[in-house]
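Got a minute to walk through a fold? Have a look at the sequence and the model below, and then we'll chat through it.

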Amino acid sequence: MKLKVVEDYQAMSRAAADLIIDKVRMNPEITLGLATGGTPKGTYQNLIKDHQLNGTSYGSVKTFNLDEYIGIPIRDPNSYRYYMNTYLFDHIDIDKSNTFVPRGNAENPTEECVRYENSLLVHGGVDLQILGIGRNGHIGFNEPGTSFSSKTHIVSLAQTTREANSRYFPRIEDVPKQAITMGIGTIMKSNEILLLISGERKQEAVKRLLTGEVHESFPASILNQHPNVTVIVDHAASALIE
Ligand code: F6R
């Protein structure tokens, strides 16, 4: 893993956006794997700014999102489709029909998992996957104990994850209990991975990722075995390893 330590959240967001912009310019037909959550918001803002100022085009780019809640409508502001439209897609020249997010409201979520995994294959897989990390090491919604070879599947969210995500919902009871997520095996098939980590709350996760063993009890640890991973981490998150 290539580790890049930067000053703060803003610097992480700029560095991540610069890397993504370079890749998009080099390969305008790139397939990006995208994450939601607090971490990549600043990166997406920088992509939008660059699109407006420098005209980087997403006209031929495809995107596949990592995950989506089960049981909330697409138009719900908490759906990840809504998040992607709001924080990125509505502000760049991407063709929305080239943006893929698991359909959390599919009639048959199990079939939706198979369809999503196949759709990824049909489109040639992810070239560059952007990831955040949970404090318990989750990537996507792959909680501790998930098989390293898992494909897109349905997950029950850990209580800690529901608590962390409850900041976006009126009440913790409103946080969905299930989601569809790309599996760890799916993520590991990406040609390249960009993992973004910011803030004091992630210090233990950074330490475990960089110094701990590769084990299913800490899903992100498998990234140590991927040949092309860049981790951009800010000082607040890297304090225990500096
Ligand atoms: C989001 C996702 C999650 C988040 C993780 C960190 O699509 O897959 O794994 O990346 O929960 O969330 P934040 O960035 O809010 O700390």
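What follows is a handful of questions and answers about this predicted model.

Q: In what order do the strands of the seven-stranded open sheet come?
A: Seven strands make up this open sheet, and their pairing is parallel. Strand 1 and strand 5 (99-100) are its edges, each pairing on one side only. Reading across, the order is 1-10-9-6-2-3-5.

Q: Which residue in strand 3 stands opposite Gly-33?
A: Strand 2 (residues 31-34) and strand 3 (residues 62-65) run parallel, joined by four bridges. Opposite Gly-33, strand 3 places Phe-64.

Q: What angle does the direction of helix 1 make with that of strand 10?
A: Helix 1 packs on the seven-stranded sheet, and the strands it touches are 1, 6, 9 and 10. Taking its direction against that of strand 10, you get about 155 degrees.

Q: How far apart are the end C-alpha atoms of helix 1?
A: Helix 1 covers residues 9-26, so that's 18 residues at 1.5 Å a residue. The expected span is therefore 26 Å, and the model agrees with it. The end C-alpha atoms sit 26 Å apart.

Q: Which helix is among the elements covering the buried residues of helix 1?
A: The buried residues of helix 1 are Met-12, Ser-13, Ala-15, Ala-16, Ala-17, Ile-20 and Val-24. Their cover includes strands 1 (2-6), 6 (128-131), 9 (192-197) and 10 (229-234). Also part of that cover is helix 2 (41-54).

Q: What is the bridge partner of Asp-67 in strand 8?
A: Over in the three-stranded open sheet, the order is 4-8-7 and the pairing is antiparallel. Strand 4 (67-69) is an edge strand there, as is strand 7 (153-156). Three bridges join strand 4 to strand 8 (residues 178-181). For Asp-67, the partner in strand 8 is Thr-181.

Q: At about how many degrees to strand 7 does helix 4 run?
A: Helix 4 (residues 109-122) lies across two strands, namely strand 7 and strand 8. Its angle to strand 7 is about 130 degrees.

Q: How many residues of the shell around the ligand are charged?
A: There are 14 residues around the ligand, and Thr-36, Gly-37, Gly-38, Thr-39 and Gly-132 come nearest. Sorting the shell by type gives five nonpolar and eight polar residues. As for charged residues, the shell has one.

How values were computed: Residues numbered from 1 in each chain as written. Predicted model: local features only at pLDDT ≥ 70, side-chain atom pairs only at ≥ 80, totals over all residues. Expected span 1.5 Å × (residues − 1). Buried ≥ 20, exposed ≤ 12 C-beta atoms within 10 Å, placed from the backbone. Pairing = 2+ DSSP bridges. Axes fitted to C-alpha atoms, helices over the stretch in contact; angles between N-to-C directions. Near = placed C-beta within 6 Å. Nonpolar A, V, L, I, M, F, W, Y, C, P; charged D, E, K, R; others polar.
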